Amino acid sequence: MAIMELPPATPPFSAFPRANFLPSCGFRPAMQHCVYPGTFDPITYGHLDVLERAAKLFARVTVAVADNPDKGPLFTTAQRLEMLRPNLAKFPNVTVTPFSGLLIDFCVEHKIDAIIRGLRALSDFEFEFNMALMNRHLKPEVETIFVMPNEQFSYTSSSLVKQVAKYCGDVSHFVPPNVATALKKAYGCTG
Ligand code: COA
């Protein structure tokens, strides 16, 4: 029986997606730039897990820190940005910026192709689904892409971390050291 051989992969396409981002090969995928939006009050290892996945998928990632006064954040936007920065240093293609107003307007202004959101558990789905559809209604060209963080972070949230920290509990499994220190300071915990 004759076996039909697939034609060899011809440049500029590569079997290895990261190679498609090489400036030398000339090929650019349709989607280059994504935004990872959130309140990040504060950033957790769960957020960083999502971010690491986004940084592998996209040439450029913008972490957009929402002002979100309605959520009554513990940390100011400036403090949340300051806490994020040292934790982003290992990602050369990631930058961080504050934003207010509609996320979709931010996407248009910054020429963003896709919104990255993390899905930790089924309970996230309904909220995320509605938000993705609303954003699609507002600007169909901007795609929402969901990624699953490692299951060890499926129950992590900024609120739960803050609850534990408020009573001076150990949050070092959930947040980077600089965030743990900031939480201790915010709640007046010593040691
Ligand atoms: N690891 C740990 N926690 C995670 C997580 C992960 N991978 N993914 C989500 N969370 C947690 C967060 O810690 C947060 O916990 P909290 O509610 O206890 O603080 C919760 O899940 C939701 O946070 P997040 O994913 O950051 O969303 P958000 O609700 O803080 O922010 C915005 C949502 C800012 C993206 C959205 O409100 C927005 O786009 N606002 C702009 C206005 C706008 O455009 N509105 C219309 C939208 S259709």
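Select Cys107 first. Cys107 is buried, with a relative accessible area of 1%. The model is predicted, so every value on this tour is computed from predicted coordinates.

**Two cysteines without a partner**

Keep Cys107 on screen and add Cys34. Is Cys34 buried or exposed? Cys34 has 0% relative accessibility, so Cys34 counts as buried. Now look at the sulfur atoms. Cys107 is in no disulfide, and its nearest cysteine sulfur belongs to Cys34, 9.7 Å away. Cys34 is likewise in no disulfide. The cut-off for a disulfide is 2.5 Å between the sulfurs, so a pair 9.7 Å apart does not count.

**The disulfide**

How many disulfides does a search of the whole structure find? The search finds 1. Select Cys168 and Cys189, which this disulfide joins, with an S to S distance of 2.0 Å. A disulfide is a covalent bond between the sulfur atoms of two cysteines.

Next, colour the helices. Cys168 lies in the loop between α5 (158-166) and α6 (177-186), and Cys189 lies in the segment after α6. The pair therefore ties together parts that are 21 residues apart in sequence.

Zoom in on the S-S bond. Which hand does the disulfide have? The torsion about the bond is about -80°, so the disulfide is left-handed.

Turn on the surface and compare the two ends. Cys168 is partly exposed, with a relative accessible area of 46%. Cys189 is buried, at 13%. The limit for buried is under 20%, so Cys189 falls on the buried side and Cys168 does not.

**The ligand**

Now centre the view on the ligand. Where does the ligand sit? It sits in the largest pocket. Show the residues around the ligand: there are 23 of them. Thr39, Lys71, Leu103, Ser158 and Ser159 come nearest.

Colour by element of structure. β1 (33-38), α1 (45-57), α4 (122-138) and α5 each supply at least two residues of the shell around the ligand. You have met α5 already: the loop that holds Cys168 lies between α5 and α6.

Then pick out three polar contacts:

- Ser159: a side-chain N or O atom is 2.3 Å from an oxygen atom of the ligand.
- Arg117: a polar side-chain atom lies 3.0 Å from a ligand oxygen.
- Thr156: here a backbone N or O atom lies 3.1 Å from a nitrogen atom of the ligand.

Finish with the ligand's surface. How much of the ligand's area does the protein bury? Taken alone, the ligand exposes 930 Å², and the protein buries 82% of that.

Conventions. Residues are numbered from 1 along each chain as its sequence is written. This is a predicted model: local features need pLDDT of at least 70, side-chain atom pairs count only at pLDDT 80 or more; totals for chains, interfaces and linings use all residues. Side-chain values use heavy atoms; hydrogens and water are left out. Helices (H or I, at least four residues) and strands (E, at least two) are DSSP runs, numbered from the N terminus. Buried means under 20% relative accessible area, exposed over 50%, partly exposed in between (1.4 Å probe, protein chains only). A residue is near a molecule or strand if one of its heavy atoms lies within 4 Å of it. A polar contact is a pair of N or O atoms within 3.5 Å; within protein, one must be able to donate a hydrogen and the other to accept it, and residues adjacent in sequence count only if both atoms are side-chain atoms. Accessible areas come from the Shrake-Rupley method with a 1.4 Å probe; for residues, only the protein chains shown count as cover. On a 1 Å grid over the protein atoms alone, a cavity is a set of points where a 1.4 Å probe fits but cannot get out, and a pocket is an open set with protein on both sides within 12 Å along at least five of seven lines; lining residues have an atom within 4 Å of a point. A molecule sits in a cavity or pocket if more than half of its atoms lie within 2 Å of its grid points.
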